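Look at how two copies of a chain meet in the model below. The text goes through the contact, then the symmetry behind it.

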There are 4 protein chains.
Amino acid sequence: MAANTLGKLFRVTNYGESHGPAIGAVIDGCPPGLALSEADIQVELDRRRPGTSRHVTQRQEPDQVEILSGVYQGKTTGTPISLLIRNTDARSKDYGNIVDTFRPGHADYAYWRKYGIRDPRGGGRSSARLTAPTVAAGAIAKKWLAEKYGVKIRGYMSQLGPIVIPFQSWEHVSNNPFYAPNADVVPELEAYMDALRKEGDSIGARIEVVAENVPAGLGEPIYARMDAEIAYAMMGLNAVKGVEIGAGFESVSQRGSEHGDAITPTGFESNHAGGILGGITTGQHIEVSLAIKPTSSIRIKRPSINTEGEPVEVQTLGRHDPCVGIRATPIAESLLAIVIMDQLLRQRAQCADHWLRPGEN
Amino acid sequence: MAANTLGKLFRVTNYGESHGPAIGAVIDGCPPGLALSEADIQVELDRRRPGTSRHVTQRQEPDQVEILSGVYQGKTTGTPISLLIRNTDARSKDYGNIVDTFRPGHADYAYWRKYGIRDPRGGGRSSARLTAPTVAAGAIAKKWLAEKYGVKIRGYMSQLGPIVIPFQSWEHVSNNPFYAPNADVVPELEAYMDALRKEGDSIGARIEVVAENVPAGLGEPIYARMDAEIAYAMMGLNAVKGVEIGAGFESVSQRGSEHGDAITPTGFESNHAGGILGGITTGQHIEVSLAIKPTSSIRIKRPSINTEGEPVEVQTLGRHDPCVGIRATPIAESLLAIVIMDQLLRQRAQCADHWLRPGEN
Amino acid sequence: MAANTLGKLFRVTNYGESHGPAIGAVIDGCPPGLALSEADIQVELDRRRPGTSRHVTQRQEPDQVEILSGVYQGKTTGTPISLLIRNTDARSKDYGNIVDTFRPGHADYAYWRKYGIRDPRGGGRSSARLTAPTVAAGAIAKKWLAEKYGVKIRGYMSQLGPIVIPFQSWEHVSNNPFYAPNADVVPELEAYMDALRKEGDSIGARIEVVAENVPAGLGEPIYARMDAEIAYAMMGLNAVKGVEIGAGFESVSQRGSEHGDAITPTGFESNHAGGILGGITTGQHIEVSLAIKPTSSIRIKRPSINTEGEPVEVQTLGRHDPCVGIRATPIAESLLAIVIMDQLLRQRAQCADHWLRPGEN
Amino acid sequence: MAANTLGKLFRVTNYGESHGPAIGAVIDGCPPGLALSEADIQVELDRRRPGTSRHVTQRQEPDQVEILSGVYQGKTTGTPISLLIRNTDARSKDYGNIVDTFRPGHADYAYWRKYGIRDPRGGGRSSARLTAPTVAAGAIAKKWLAEKYGVKIRGYMSQLGPIVIPFQSWEHVSNNPFYAPNADVVPELEAYMDALRKEGDSIGARIEVVAENVPAGLGEPIYARMDAEIAYAMMGLNAVKGVEIGAGFESVSQRGSEHGDAITPTGFESNHAGGILGGITTGQHIEVSLAIKPTSSIRIKRPSINTEGEPVEVQTLGRHDPCVGIRATPIAESLLAIVIMDQLLRQRAQCADHWLRPGEN
């Protein structure tokens with residue numbers, strides 16, 4: 001649980017500021033022998049990249065990743081993998097007005113109280129830009145999990161502000177800028193976002209992430225449970241205010257006779273558990289749901305204070321996502337991949353004497 | 001993020017099984033000089049103890065704590081504090097029928113897949129009984145936080161199954177067996193639980209926990225955020241399926257102009273953030289909400305399988321809480337105390353050069 | 001590798017004070033399915049126990065271990081193993097004179113500077129008594145390593161003060177109170193110790209520990225090397241002032257053409273490396289050497305100060321080992337076992353895709 | 001203390017290979033507000049740099065460091081500091097002959113056994129080149145310790161092969177390529193190295209490191225002792241085979257009446273303890289001694305095997321240090337600085353309630 005490191009055996013250390021020279025991650029503990037190229041990582045970074053539709057920030061960042069270490073002749077060597085992403089489109093002048101004032105709902109006030117100093121350019125380290133190294137690291141976890149254990153991780157947006165998005169099919173998800181699993185609702189989402197942008201306001205969203213083919217037996221029963229570590233990773237993502245596993249808050253009004261998933265010789269009959277019982281995976285799909293708050297950087301004027309404690313009105317111009325939830329899906333997938341891979345390595349360590357490798361049972 | 005250890009600098013290592021000789025915790029990293037007696041811990045254990053009303057398990061456990069180390073002449077010495085609680089009322093025969101079958105919704109299936117072996121007596125390590133050492137450790141964190149920083153942590157039940165419990169006053173909380181902050185709703189809760197017990201079913205609940213006077217500046221911005229560590233601790237508690245900070249899932253449909261808490265020279269005008277921005281405390285109350293699923297051990301027969309994979313009907317007799325949420329409040333308070341104390345120690349380490357001690361500013 | 005915890009995946013958390021109610025350890029991360037009884041642990045504790053010859057402290061402690069958790073029907077379950085050892089022969093009055101004064105060479109001064117408070121009874125937490133929980137934990141690691149990987153760990157004394165003890169045979173080691181691998185030198189050791197005891201002085205010693213059949217490939221190359229973690233564990237043992245791997249300080253005057261162990265198709269021709277190259281095991285024996293300083297608690301009067309900073313003469317009566325090195329051999333073996341087991345689990349986690357289980361290659 | 005990370009609160013994560021695109025480190029946990037520039041780091045890197053005399057490797061690496069994050073307007077912000085050093089002089093052809101054979105005494109055999117794959121170019125990750133990021137990180141620790149607590153850390157060579165180097169004065173150390181604290185012995189060292197280079201052989205060395213003004217009270221008493229963590233860091237340095245604190249192996253033949261440093265109202269009368277008692281600093285100088293083995297890459301032919309297990313003769317041409325000990329002094333200083341700073345932050349966390357800040361007592 002080190003500050004800027006996620007994971008215990010598959011460890012992702014994240015660094016960088018929005019408008020500094022570069023951002024990046026060092027991934028320690030990756031198994032050797034995995035085929036890995038920059039292209040494998042770039043494809044996930046491109047899914048998260050800004051500037052890809054009119055509904056997200058217009059900052060133009062190629063987010064080109066460079067592998068600095070840990071890969072030799074196209075394969076991981078087991079040593080740390082250092083990933084570097086240079087910042088190229090950092091217009092710090094856009095942010096001049098936030099140096100001495102605090103945006104309501106933004107981290108800048110909290111950073112100032114914590115460190116007594118902060119890099120205000122583009123939100124510094126609190127910028128959503130810092131999710132790019134997480135996505136890059138997650139691309140490695142996703143690839144290893146898929147190749148070695150057949151695990152498949154994907155997500156979608158299930159609600160944008162007041163608009164609930166019914167699940168139709170996974171195939172829609174990559175065909176619209178919202179990661180919506182429903183083709184019919186897209187025009188409504190477009191119209192909503194266009195109106196919102198005109199008003200200079202922002203909106204929240206709800207994201208679902210699902211992991212399939214996760215082996216049973218992953219997770220450690222007290223404290224370091226699989227669900228606890230998923231909640232840790234997800235709540236550690238910018239703007240997330242709530243996390244659910246399986247039935248989530250619906251469990252509050254469920255009875256035991258309804259909630260407990262019946263088991264048959266061919267499997268479970270439902271998945272209120274979200275794939276996890278007692279903190280340990282059961283072999284069912286892991287299902288996670290996230291609440292993402294609206295962006296705090298908005299054009300609408302809000303009452304606040306400056307660093308002297310005096311009242312001010314704050315209006316954030318610059319380039320911002322009116323709904324950070326739109327780009328959150330690939331990030332949440334990455335976080336889930338990192339957590340599952342980390343727990344899987346831990347399971348191999350402790351239980352390899354009886355827990356089988358893929359294909360052995 | 002070690003398996004059975006919570007915290008990084010204030011570290012709680014939990015051990016034990018429901019029907020083994022004892023359960024307990026070792027707390028490492030407690031500051032020296034804190035006045036501490038067994039009575040200080042017992043008072044919190046008594047709040048969580050089974051057998052205190054007809055609505056909870058009738059197991060009779062005194063949960064008498066013994067301090068084995070780390071305290072000399074009534075004060076902590078800075079060395080590990082070992083807390084021992086002997087199990088006294090362990091009727092393993094009650095659980096004979098669960099040795100070879102799996103309860104739907106229960107951890108026993110997952111344990112069996114993970115370890116290939118499990119202690120089935122009373123749920124073994126997955127028993128809610130193992131929250132007692134957490135509560136004991138939390139008592140120490142609560143006391144230190146209160147004495148050194150004036151932090152006050154308390155919780156209540158806000159919903160039991162379908163019954164929403166409107167907040168009236170903190171003073172009601174300790175006057176009913178449900179930790180309900182509302183005197184009027186208690187008869188309805190009693191009636192609901194009595195009916196449920198007759199049916200042999202169980203029900204979920206929603207718990208709120210609030211920490212007041214938490215200093216601003218606690219939490220580490222990427223990954224090890226304060227909200228992430230709270231989510232980790234809470235989701236690591238038996239039966240929790242969802243965690244919210246501040247506005248939680250309501251944020252999904254909020255606009256930025258509504259969600260972002262306006263700041264004035266005298267403080268914040270609202271607390272949708274739940275006391276945390278960018279993963280760091282702001283000095284507002286920390287507000288956390290938990291969804292607790294219904295107990296999986298119920299008298300109603302459910303379809304399941306045995307360890308041979310054959311279909312069986314499972315009915316759990318024994319002594320069980322029909323709503324584990326009822327005893328969850330003191331546990332959630334303890335978890336929040338441990339997380340805050342741990343982050344506070346980390347903040348002192350990194351930022352002591354400018355961050356002030358209590359009373360210095 | 002937190003304060004009082006040794007190991008990363010096989011984690012030993014040590015607690016207790018010399019004259020408190022009890023000492024013990026919680027071992028987290030032990031693989032499930034290992035046959036384990038209290039007798040398996042007791043046999044190692046008995047090797048370290050005080051009062052077994054006239055050359056060690058006359059404190060009479062049975063050091064009876066109780067397993068409180070983590071074992072069910074004679075097998076480990078994968079959950080934390082809590083080991084409890086009650087203190088029974090704690091004559092605190094013997095130590096009355098050290099409450100306000102500091103023994104030269106003893107930890108009590110340092111504790112006082114660190115914590116501002118200390119438990120002076122019997123040296124409190126700095127007592128060599130706290131090596132008992134380490135030995136108990138090491139017994140588990142030794143047993144698992146032996147059963148699963150055929151690893152054999154044993155040690156001996158190679159020097160006692162000025163007397164160098166030439167290695168004759170392992171079979172002598174258990175036949176004298178010094179762990180000397182040489183029958184002929186025992187009378188000289190006895191005479192030396194008898195004279196020393198009369199003078200009220202103490203003496204240092206040198207201990208060798210050897211691990212055989214350690215699989216190649218254990219250790220992580222930068223920082224967390226196998227040799228680094230061995231040095232950490234050994235230097236963390238009371239009274240150790242030096243650690244060598246393989247040729248150790250002799251390497252200083254060796255040439256590369258001499259030091260580098262030649263390799264042939266049937267193995268290495270020498271073992272200056274001590275079984276470790278680049279921080280990773282090679283499959284050769286791991287060879288470690290320790291320097292143990294003389295006990296600081298002696299009957300001879302020494303100049304010191306009291307807690308007020310005033311000059312005093314300090315003489316330590318009570319019951320003390322005149323040579324802590326005599327009982328150090330089983331402790332050093334235990335530490336080596338814990339480190340190897342921990343690294344072996346880490347190797348399984350990261351490299352299980354190609355690194356074979358015993359018997360598979 | 002994960003694989004490639006040193007430190008618990010001041011955490012240095014090291015990455016890179018000798019002939020990959022770059023090497024570097026991410027430093028997490030540095031206190032905010034420290035004035036820091038690339039020049040502050042470069043000065044230490046230049047002390048370690050190759051190619052500065054005829055006695056070290058002729059590889060020409062400017063080792064130019066770039067700060068990628070964590071510094072704003074010349075001050076640390078408390079967020080991770082990413083340091084990048086590009087590799088520029090990587091002549092991989094020099095190493096063609098080591099791809100399929102193992103150098104006696106070199107890590108390449110162990111890497112191959114561990115990972116089943118390795119980057120052989122220039123020794124890959126096992127190259128001494130990877131000490132550069134450690135030195136860069138140590139420069140930050142040194143600067144902070146000096147400015148906030150007045151700690152001064154420096155080292156010297158006390159023996160080169162058979163030549164013991166008597167300490168004359170610190171001022172000589174920077175005036176010769178050996179870090180020898182003695183002007184008179186330099187010609188002898190030069191002649192010895194010139195002869196050795198002609199023979200194509202290599203030699204060991206002994207290095208001393210001293211830290212002055214270290215506050216009393218640093219270190220955690222069981223396992224994570226100050227001496228244990230120093231030993232861990234030093235033994236984790238390439239080619240180190242032995243570590244001593246204070247009297248080290250001389251303690252073996254010392255009596256307690258001699259070894260225990262007498263205390264007077266004005267301080268200690270000797271320093272056999274090397275500044276550490278019971279794992280905790282006493283306020284005396286910390287004194288550490290290292291044994292460094294001779295380089296394994298030598299021109300003299302040695303018997304070995306290839307990856308097929310067949311016998312071969314290995315001769316290493318390329319550019320190598322004939323005595324890695326020559327450049328070890330700044331690295332050992334850096335490691336000591338990192339360990340002390342890390343422990344100091346931990347002490348502030350746990351004991352800030354009574355342990356004073358500089359200038360407060």
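In this predicted model, chain B and chain D bury about 1,800 Å² between them. Carbon and sulfur atoms give 44% of that area. The size of an interface is often expressed in this way, as the accessible area lost when the parts come together. Chain B brings 22 residues to the contact, and chain D brings 22 residues.

Polar interactions cross the interface as well. Between chain B and chain D there are two salt bridges. One of them joins the side chains of B:Arg348 and D:Asp353, with 2.6 Å from N to O. Counting pairs with both residues at pLDDT 80 or more, 10 residue pairs are in polar contact across the interface of chain B and chain D.

Which helices of chain B each supply at least two residues of the side that touches chain D? They are helix H3 (131-149) and helix H7 (328-351). H7(B) provides the largest share of that side, five residues. By class, the side of chain B that touches chain D consists of 11 nonpolar, four polar and seven charged residues.

The arrangement of the copies is next. Chain B superposes on chain D after a rotation of 180° with 0.0 Å of shift along the axis, at an RMSD of 0.0 Å. The two copies are therefore related as by a two-fold rotation axis. Within chain B, the C-alpha nearest this axis belongs to B:Ala349, 2.2 Å from it. Of the interface residues of chain B, 100% are also interface residues in chain D, so the copies meet through the same surface.

Conventions. Residues numbered from 1 in each chain as written. Chains lettered and ligands numbered in written order. Predicted model: local features only at pLDDT ≥ 70, side-chain atom pairs only at ≥ 80, totals over all residues. Heavy atoms only, no water. Least-squares fit on C-alpha atoms with pLDDT ≥ 70 in both. Contact = heavy atoms within 4.5 Å. Buried area = accessible area lost by both parts, 1.4 Å probe. Salt bridge = Lys/Arg side-chain N within 4 Å of Asp/Glu carboxyl O. Polar contact = N/O pair within 3.5 Å; in protein donor to acceptor, adjacent residues only side chain to side chain. Helix = DSSP H or I, 4+ residues; strand = E, 2+ residues; numbered from the N terminus. Nonpolar A, V, L, I, M, F, W, Y, C, P; charged D, E, K, R; others polar.
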